[in-house]
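Visitor: I am new to this structure. Could you take me through it one question at a time?

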Amino acid sequence: MKQKITEMSNIFKILSNEVRLCILVNLCNNEEKRVTDLQCCSNSSQSFVSQQLSKLKALGIVSSRKNGVETYYYLKDKNICDIIKKLGLVNNKCNNKEEI
């Protein structure tokens, strides 16, 4: 039980970051996205979004695949999408910061 509580606490820490949350919402709504596609979530630079994706990738939440010079990210942990669905955020468009 303690391990599950720790795991859920870590998930909520991940979701508490606005940019990471929007990245995850977008990945739940769409199968794959490039970094430039995920910049819609904030006025953040491409490098900041890439840093957040690296954190999510290191935690095993997202993964990526290369297609030529493009890198596409996708949701690896579908349980995260279930949590986001329960929050009512899936299928919302994330076109700018005000929509989150």
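Visitor: Which residues of α1 are buried?

Guide: This is a predicted model, and its helix α1 covers residues 2–15. A residue has to fall under 20% relative accessible area to count as buried. In α1 the buried residues are Ile11, Ile14 and Leu15.

Visitor: Within what arc do the buried residues of α1 fall, seen down its axis?

Guide: The buried residues line one face of the helix, so the directions to them are confined to an arc. Turned away from that buried side is a face with the exposed residues Lys2, Ile5 and Lys13. Seen down the axis of α1, the buried residues fall within 95°.

Visitor: Which helices are included in what covers the buried residues of α1?

Guide: The residues to be covered are Ile11, Ile14 and Leu15. The cover includes three helices, namely α2 (18–29), α4 (46–58) and α5 (78–86).

Visitor: Which element gives the most to the largest nonpolar core?

Guide: That core has 24 residues, and Ile23, Leu24, Ile61, Leu75 and Ile84 touch the most other members. Elements giving two or more residues to the core are α1, α2, α3 (35–38), α4, β2 (70–75) and α5. The top contribution is seven residues, and it comes from α2.

Visitor: Which residues does Ile84 touch, leaving out those up to four places away in sequence?

Guide: Ile84 is among the core residues that touch the most other members. It also takes part in the contact between α2 and α5, on the α5 side. With residues up to four places away in sequence left out, Ile84 touches Leu15, Leu21, Leu24, Val25, Cys28, Leu89 and Val90.

Visitor: Are α2 and α5 roughly parallel or roughly perpendicular to each other?

Guide: The axes of α2 and α5 are 10 Å apart, and the helices pack at an angle of about 100°. Angles of 65 to 115 degrees count as roughly perpendicular. Therefore α2 and α5 are roughly perpendicular. Leu21, Leu24, Val25 and Cys28 of α2 make this contact with three residues of α5: Ile80, Cys81 and Ile84.

Visitor: At what angle do α2 and α4 pack?

Guide: The residues that meet are Val19, Arg20, Ile23 and Leu24 in α2, and Phe48, Val49, Gln52, Leu53, Lys55 and Leu56 in α4. These two helices are roughly perpendicular to each other. Their axes lie 10 Å apart, and the packing angle is about 75°.

Visitor: Is Gln52 buried or exposed?

Guide: Gln52 sits in helix α4. Leaving out residues up to four places away in sequence, Gln52 touches Asn17, Val19, Arg20 and Ile23. Its relative accessibility is 2%, so Gln52 counts as buried.

Visitor: How far apart in space are Val19 and Gln39, C-alpha to C-alpha?

Guide: Val19 belongs to helix α2 and counts as buried because its relative accessibility is 8%. Val19 and Gln39 are 20 residues apart in sequence. In space, C-alpha to C-alpha, they are 8.7 Å apart.

Visitor: Which residues does Gly60 touch, leaving out those up to four places away in sequence?

Guide: Gly60 is in the loop between α4 and β1 (62–67), and at 27% relative accessibility it counts as partly exposed. Between Gly60 and Lys76 there are 6.8 Å in space, C-alpha to C-alpha, although they are 16 residues apart in sequence. With residues up to four places away in sequence left out, Gly60 touches Lys76 and Asp77.

Methods:
Residues numbered from 1 in each chain as written. Predicted model: local features only at pLDDT ≥ 70, side-chain atom pairs only at ≥ 80, totals over all residues. Heavy atoms only, no water. Helix = DSSP H or I, 4+ residues; strand = E, 2+ residues; numbered from the N terminus. Expected span 1.5 Å × (residues − 1). Buried < 20%, exposed > 50% of the residue type's maximum accessible area, 1.4 Å probe, protein only. Arc of directions from axis to C-beta. Contact = heavy atoms within 4.5 Å. Core = buried A, V, L, I, M, F, W, Y, C linked by side-chain atoms within 4.5 Å. Axes fitted to C-alpha atoms, helices over the stretch in contact; angles between N-to-C directions. Parallel < 35°, antiparallel > 145°, perpendicular 65-115°, else oblique.
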